[in-house]
Amino acid sequence: KGGMGAGAIATIGGLGVLAIFILQNTEEVEFTFLFWSFTWPMWLYTIIVAVFGAIVWFGLGVMRRRRRRKARRAAR
């Protein structure tokens, strides 16, 4: 049973769409947060938000696996 799974295909597709989005959005955008105001390129903001989202998604997966493992141990 070789080949890529559905998760790998979805990840590659998502990265492709993200790359296209980054290449099309290269302008500068201004952000205002409380009393700070700064300008960033849109591609940098997109990468930072994507990485943060991936970290949160991965963290939630780790928490779920840990909770299921504890439940299995308790059931023994």
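Reader: Which pattern does the protein chain follow when read along the sequence?
Author: This is a predicted model, where local features need pLDDT of at least 70, side-chain atom pairs count only at pLDDT 80 or more, and totals for chains, interfaces and linings use all residues. Residues are numbered from 1 along each chain as its sequence is written, and side-chain values use heavy atoms, with hydrogens and water left out. The protein chain has two helices and two strands (DSSP runs numbered from the N terminus: H or I of at least four residues, E of at least two). Along the sequence, their pattern is α-β-β-α.

Reader: What share of the 76 residues in the protein chain is buried?
Author: Picture the outline to begin with: the C-alpha trace spans about 55 × 40 × 10 Å along its principal axes. Of the 76 residues, the buried share (under 20% relative accessible area, 1.4 Å probe, protein chains only) is 7%.

Reader: Which residue has a positive phi although it is not a glycine?
Author: Most residues other than glycine have a negative phi. Look in the loop between β1 (28-33) and β2, where L34 is found. L34 counts as exposed because its relative accessibility is 67%, and exposed means over 50%. The positive phi, about 55°, belongs to L34.

Reader: Is F38 fully exposed or partly exposed, and what is its relative accessible area?
Author: Moving along to strand β2 (residues 36-41), you will find F38 there. Partly exposed is the class between buried and exposed. F38 belongs to that class because its relative accessible area is 33%.
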